[in-house]
Amino acid sequence: MTRDDVLQKQKQFLFPCVVNYYAQPVVVDHAQGRHVFDLDGKRYLDFFGGILTVSVGHCNEKVTSKIKAQVDRLQHTSTLYPNEAIVALAEKLAKITPGRLQKSFFTNSGTEADEAAVLLARMATGSFEVVALRHGYSGHSLIAKSLTGQAPWRRGGVVSLGISHAMNPYCYRCPLGLTYPDCGVACAQDVEDVIQTTTSGRIAAFLAEPIQGVGGFITPPPEYFKMVFTIVKKYGGLFIADEVQTGFGRTGKKWFGIEHWEVEPDMITTAKGMANGVPVGATIATPEVADAFQGMTISTFGGNPVTAVAARATIEVIEEENLLENSHTVGAYFRQKLEELQQKYPLIGDVRGMGLMLGLELVKDRKTKEPAPQELGQLMERTKENGLLIGKGGLWGNVVRLSPPLNIGTADVDDAVRILDKSFAEVKV
Ligand SMILES: Cc1ncc(COP(=O)(O)O)c(C=O)c1O
């Protein structure tokens, strides 16, 4: 098929709500390592990784060879039969997750992992209500959309029964108009206010992303989650860290984002980067929480031997190649380069994030902080033209999301920054 054939068939046969980037979408043909190639053979440096999913490079040989071997040995069982791949992955997750998280439930996506976590929290606590954060994103099912705190992702009759949203710790646009650290992280107190005023006073859970992904890599001050944890416990809730974007070394040094904030969650949900692009998600809980599940459940594809092997292989590559450290050091180098770009381009209002999860919030004016989504649209087109794939996020569509594979080096960062620099210079402001 030609590029035009693909685009024409996409229009004819796919739901139009599944949006593409760019005026002329990139029709991807193949990929290797940090590069993606379109149908016409044009090469792009991929600094978005299929939405923070390609953790160890496209088509990583160490991962794909194990997938191929598993496909030839055993492709599917359903969860009705135990298999070596699923228990080996669960054991691995028990080792690398923080605190007492020991038992896993496997799903096909982050959405389902969040659904399972909320259901389990309700069963384990006997309470119903859940507190989430504004600007958060949890997926595309009804509960996940209800947990989501951004209007564009909530349309279509979402019923947020038993779900409330607290202020998010968005320091660049503090919802209380305060400045860190003088604020004393006052936004954390809003979680208690929300519990006291919008719930029955006992909650099943608090669910949040350690760094809000789709929200635009909004990074809380270090004290925030510790303070919230104390509040959540006071009202009987479980603390669920949604690590769908921040998991598996993305934030540098640690396996999971929440570990930076010194909180031991009762559950972690994860997907995306877990298996380098093979669809698998997981809800990982402490034994007593996991054991509280009532009745029966099934996930036909959850923990499928092929996806389980892909996830374990991805984790092993991260371990063998010391990518938690690489994400931290190369991320720090990248951040410094982005801050240099910020000095040069007034359009860049804020540089934030951790490890190799870095965001640039674009504003028309640094004083008014008016969001600059049109300028980001231009930047996207220019970077595409210049051979770099980047992501977009934020409630107003004005945040650049940068999330290359964890095994890139500083030379790749230099390439990306050179293209970003050229592309920013081409944006008409
Ligand atoms: C933090 C977070 N949670 C949940 C999801 C939903 O994951 P999926 O798209 O795999 O259903 C996403 C997807 O972007 C996410 O970013």
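Helices (H or I, at least four residues) and strands (E, at least two) are DSSP runs, numbered from the N terminus. The model described here is predicted: local features need pLDDT of at least 70, side-chain atom pairs count only at pLDDT 80 or more, and totals for chains, interfaces and linings use all residues. Residues are numbered from 1 along each chain as its sequence is written, and side-chain values use heavy atoms, with hydrogens and water left out.

The ligand is a convenient place to start. It is surrounded by 13 residues, and the closest are Gly110, Thr111, Asp242, Gln245 and Lys272; a residue is near a molecule or strand if one of its heavy atoms lies within 4 Å of it. Helix 5 (residues 110-125) contributes the most to this shell, with three residues. By type, the shell holds two nonpolar, seven polar and four charged residues. In that division Ala, Val, Leu, Ile, Met, Phe, Trp, Tyr, Cys and Pro count as nonpolar, Asp, Glu, Lys and Arg as charged, and the others, Gly among them, as polar.

Several polar contacts reach the ligand. The term stands for a pair of N or O atoms within 3.5 Å; within protein, one must be able to donate a hydrogen and the other to accept it, and residues adjacent in sequence count only if both atoms are side-chain atoms. From Gly110, a backbone N or O atom lies 2.9 Å from an oxygen atom of the ligand. A backbone N or O atom of Tyr137 is 3.5 Å from a ligand nitrogen atom, and a polar side-chain atom of Asp242 is 2.8 Å from a nitrogen atom of the ligand. Taken alone the ligand exposes 390 Å², of which the protein buries 87%; accessible areas come from the Shrake-Rupley method with a 1.4 Å probe, and for residues only the protein chains shown count as cover.

Next come the sheets, in which two strands pair if DSSP finds at least two bridges between them. Strands of a sheet pair through backbone hydrogen bonds, either parallel or antiparallel. One open sheet has seven strands in the order 4-10-9-8-7-5-6, with mixed pairing. Strand 4 (103-107) and strand 6 (163-166) stand at its edges with a single partner strand each, so one side of each has no neighbour in the sheet. From one strand to the next the twist averages 20 degrees. Within this sheet, strand 5 (residues 129-133) and strand 7 (residues 203-208) run parallel and are joined by three bridges; Val131 has Phe206 as its bridge partner in strand 7.

Two helices lie across these strands. Helix 7 (residues 189-198) lies across strand 5, strand 6 and strand 7, at about 150 degrees to strand 6. Helix 8 (residues 224-234) lies across strand 5, strand 7 and strand 8 (238-242), at about 145 degrees to strand 8. Axes are lines fitted to C-alpha atoms, for helices over the stretch in contact, and angles run from 0 to 180 degrees between N-to-C directions. Contact means heavy atoms within 4.5 Å.

The loop between strand 6 and helix 7 holds Arg173. Its side chain reaches the backbone oxygen of Lys369 at 2.7 Å. Not counting residues up to four places away in sequence, Arg173 touches Glu361, Val363, Lys369, Pro371, Trp396 and Asn398. Pro181 lies in the loop between strand 6 and helix 7, and the peptide bond from Tyr180 to Pro181 is cis, with omega near 5 degrees.

Another open sheet has four strands in the order 1-2-3-13, with mixed pairing. Strand 1 (28-32) and strand 13 (388-389) stand at the edges, each with a single partner strand, so one side of each lacks a neighbour in the sheet. Strand 1 pairs with strand 2 (residues 35-38) in the antiparallel sense over four bridges, and Ala31 stands opposite Val36 in strand 2. Two residues separate the strands of this hairpin, where Gly33 takes a positive phi near 60 degrees.
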